[in-house]
Every structure is written in structure tokens, then in C-alpha cells.
Amino acid sequence: MNIPADLKYTQDHEWVRVEGDVAVVGVTDFAQGELGDVVFVEIETEGETLDKGETFGTVEAVKTVSDLFMPVGGEVTEFNEDLADDPELVNKDPYEKGWMVKIKVADASELDSLMDADAYKAMIEA
């Protein structure tokens, strides 16, 4: 299982890559494996400002539909349009081509509450 050391992680299995004041967000390799084949990603919150923990979309797999939660508060500035035509990018490349949204972070201190790779690995192995 791939858990990149340069990312931050949530208890809900989202990953966050910080690029200045923007957070790129997707679901982890562990999460996509648990979901199974992703068939649809629905994100209709582009342009909205949401709080940490609020739902920003859903991911639908053959087995289930799961909510996607904001890892930090901020404005959803961009949705990965490639997922509309190719949702299986979430399965094939969850950390690069399978990213879901970009968020303009409202409060950078919220990033401190996210897990590093070691903590995330410990959580999923518990």
C-alpha cells in the first residue's frame, strides 16, 4: 500500500498535498482499495466555502457510495474534471491523476491537526 510521506492524512482517508495556500485533496490508496472500482465522482461544491469536516462530494464505487469530507476549511476552487470521464483514475493513480479538489485554505493552522504518513499507517493497521 502506498502512503507518500510528503502528504497529510485524515481519519476519513483523504490525503492533502499543500501547495502554498492551496490544498490538493483526494482519497488514499487504502480508501480506493476498500471502495473497489470507482464508477462516479460527484462534486458540486466548486466555488463554495465549507468548514473542516463538511461533505464536499461523494465517490461511488461498485460496492458503495461514500461521502468526501473537507480536511480543512476553505473554498473549493477546482474540481478534477478528468474524473468526470475517467473516474477510475481514483483507483489507478489516487495521489496524482486521481486528485479530486483544490481548496483555498482559510486557516492554515487546521493543517496541523492532520496525520503524517506514519500516523495514518498506524491508524489503518490498528
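**View A. Who does Gln32 touch?** In this predicted model, Gln32 makes contact with Val90, Asn91 and Pro94, leaving aside residues up to four places away in sequence. Gln32 itself is part of helix α1. Is Gln32 buried or exposed? Buried means under 20% relative accessible area, and Gln32 comes in at 12%, so Gln32 counts as buried.

**View B. Helix α4 has a buried face.** Take a look at helix α4, which runs over residues 117-125. Which of its residues are buried? Ala117, Tyr120 and Ile124 are. Looking down the axis of α4, you'd find these buried residues within an arc of 65°, so they line one face of the helix. There's a handy rule behind this: an α-helix has 3.6 residues a turn, so residues three or four places apart point the same way. And what covers the buried residues of α4? Among the pieces doing that job are β1 (8-9) and α1 (29-35).

**View C. The other side of α4, and its start.** Flip over to the other side of α4 and you meet Asp118 and Glu125, which are exposed. Asp118 turns up again at the start of the helix: a side-chain oxygen of Asp116 gets to within 3.2 Å of the backbone nitrogen of Asp118.

**View D. Six strands make an open sheet.** Walk across this sheet and you pass the strands in the order β1-β2-β3-β9-β8-β5, with antiparallel pairing. Which strands stand at the edges? They are β1 and β5 (49-50), and each has a single partner strand, so one side of each is left without a neighbour in the sheet.

**View E. Strands β3 and β9 pair up.** Zoom in on β3 (residues 22-27) and β9 (residues 101-105), and you can follow their antiparallel pairing over four bridges. How about one bridge as an example? Val22 has Lys104 in β9 as its bridge partner.

**View F. His13 sits in a loop.** Where is His13? You'll find His13 in the loop between β1 and β2 (14-19). Its phi is near 75°, a positive value in a residue other than glycine.

**View G. The stretch marked in UniProt.** An unreviewed UniProt entry places the feature "domain: Lipoyl-binding" at residues 22-104. Over that stretch, the chain is 18% helix and 42% strand. Now check its two ends: the end C-alpha atoms are 5 Å apart. You've already met both end residues, since Val22 and Lys104 are the bridge partners of View E.

How values were computed:
Residues numbered from 1 in each chain as written. Predicted model: local features only at pLDDT ≥ 70, side-chain atom pairs only at ≥ 80, totals over all residues. Heavy atoms only, no water. UniProt positions renumbered as here; feature names shortened; annotations may be inferred. Buried < 20%, exposed > 50% of the residue type's maximum accessible area, 1.4 Å probe, protein only. Arc of directions from axis to C-beta. Contact = heavy atoms within 4.5 Å. Polar contact = N/O pair within 3.5 Å; in protein donor to acceptor, adjacent residues only side chain to side chain. Pairing = 2+ DSSP bridges.
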